Amino acid sequence: MLPKPLHSPYTSCYCEENIYFLVRQFLQQAQVKATWDIYAVIISNVTKTVALWSQLKSPAANTAVVWDYHAVLVLRSRLGSHCQLLNTTPIIEEETWIYDFDSILEMPSRWEEYVGKTFPPDSDIPPQYRSLFRVVSGEEYLHYFASDRSHMLSLAADEYVSPPPPYPIICGPLAAAHGFTNNLMSHFVSMEPISKGYGTVMDREAFITWLLVVDS
């Protein structure tokens with residue numbers, strides 16, 4: 001059975017924090033951990049202009065939203081190798097699922113539907129709008145994520161461009177141990193080749209390959 005994001009906090013325009021709490025919720029459930037590997041995926045590019053389709057904030061149907069970054073959760077099956085070996089149709093627990101609070105698609109969606117309806121092939125869109133994907137294990141995301149929300153402050157008025165969540169700012173235990181109070185942009189969103197971020201950065205093709213392949 002697919003886990004549901006029950007009572008998981010949601011605040012518009014704070015996708016990275018929404019995913020943080022969903023990762024934590026799923027990691028606390030033994031059955032989920034036994035069935036799926038849990039990942040946070042940060043989507044951005046060097047220019048911080050990624051085009052995503054099927055988003056709730058799209059101005060019109062079949063129109064993209066251009067984000068500086070976005071965040072989703074991936075449940076990657078730990079059982080899928082069985083159906084691959086037996087060449088049988090996978091069951092729910094043998095598939096890979098994507099959770100996006102800000103998508104018009106069902107949550108969760110099978111990865112094939114989500115990727116196909118959210119990220120057109122790179123050849124179909126200009127280079128500055130193509131997505132890169134930073135894939136971070138759920139455990140690493142919880143331990144190292146830190147954000148003081150300063151990126152959401154308007155430089156002109158020193159006010160939040162979107163109301164912040166009601167709970168305190170997030171600083172993972174290992175981020176705090178390393179003296180970080182804010183590494184969201186530098187270690188998660190940044191897709192610069194020289195960035196010292198967490199996880200692994202992939203283009204669309206490599207991301208699809210990763211979604212397909214189940215570690216044995």
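C15 is buried in this predicted model. Its relative accessible area is 8%. C13 is partly exposed, with a relative accessible area of 32%. The sulfur of C15 lies 8.4 Å from that of C13, its closest cysteine sulfur. That distance is too far for a bond. The same holds from the other side, since the cysteine sulfur closest to C13 is the one in C15, at 8.4 Å. A disulfide is a covalent bond between the sulfur atoms of two cysteines. To be counted here, a pair of cysteine sulfur atoms must be within 2.5 Å. By this rule the protein has zero disulfides.

The overall fold was examined next. The protein contains eight helices and ten strands. Its chain has 216 residues, and a compact globule of that length would have a radius of gyration near 17 Å. The protein has 17 Å, so the two values agree. Along the principal axes, the C-alpha atoms fill a box of roughly 60 × 40 × 35 Å. Of the 216 residues, 49% are buried. The protein exposes about 10800 Å². Carbon and sulfur atoms supply 57% of that area. Contacts with a separation of 6 or more were also considered. Residues 24 or more positions apart account for 71% of them.

Six of the strands form an open sheet. Their order is β6-β5-β4-β1-β7-β10, and the pairing is antiparallel. β6 (109-110) and β10 (200-202) stand at the edges. Each has a single partner strand, so one side of each is left without a neighbour in the sheet.

Within the sheet, β1 (36-44) lies between β4 and β7 in the strand order. β1 is mostly covered, as eight of its nine residues are buried. Eight bridges link β1 to β4 in the antiparallel sense. I38 of β1 has L75 as its bridge partner in β4. With β7 (residues 132-137), β1 pairs over six bridges, again in the antiparallel sense. There, the bridge partner of I43 is F133. In a regular strand the side chains alternate between the two faces of the sheet.

β4 spans residues 70-77 and also pairs with β5, at residues 97-99. These two strands run antiparallel and are joined by three bridges. V74 stands opposite I98 in β5. Helix α1 (residues 15-27) packs on the sheet. α1 touches β1, β4 and β5. The direction of α1 makes about 25 degrees with that of β4.

The end of the chain was considered last. V213 is found in the segment after α8 (204-212). At 40% relative accessibility, V213 counts as partly exposed. V213 and T96 are 117 residues apart along the chain. Their C-alpha atoms are separated by 10.0 Å.

How values were computed
Residues are numbered from 1 along each chain as its sequence is written. This is a predicted model: local features need pLDDT of at least 70, side-chain atom pairs count only at pLDDT 80 or more; totals for chains, interfaces and linings use all residues. Side-chain values use heavy atoms; hydrogens and water are left out. Two strands pair if DSSP finds at least two bridges between them. Helices (H or I, at least four residues) and strands (E, at least two) are DSSP runs, numbered from the N terminus. Contact means heavy atoms within 4.5 Å. Axes are lines fitted to C-alpha atoms, for helices over the stretch in contact, and angles run from 0 to 180 degrees between N-to-C directions. The radius of gyration is taken over C-alpha atoms; the globule rule is 2.2 Å times the number of residues to the power 0.38. Buried means under 20% relative accessible area, exposed over 50%, partly exposed in between (1.4 Å probe, protein chains only). Accessible areas come from the Shrake-Rupley method with a 1.4 Å probe; for residues, only the protein chains shown count as cover.
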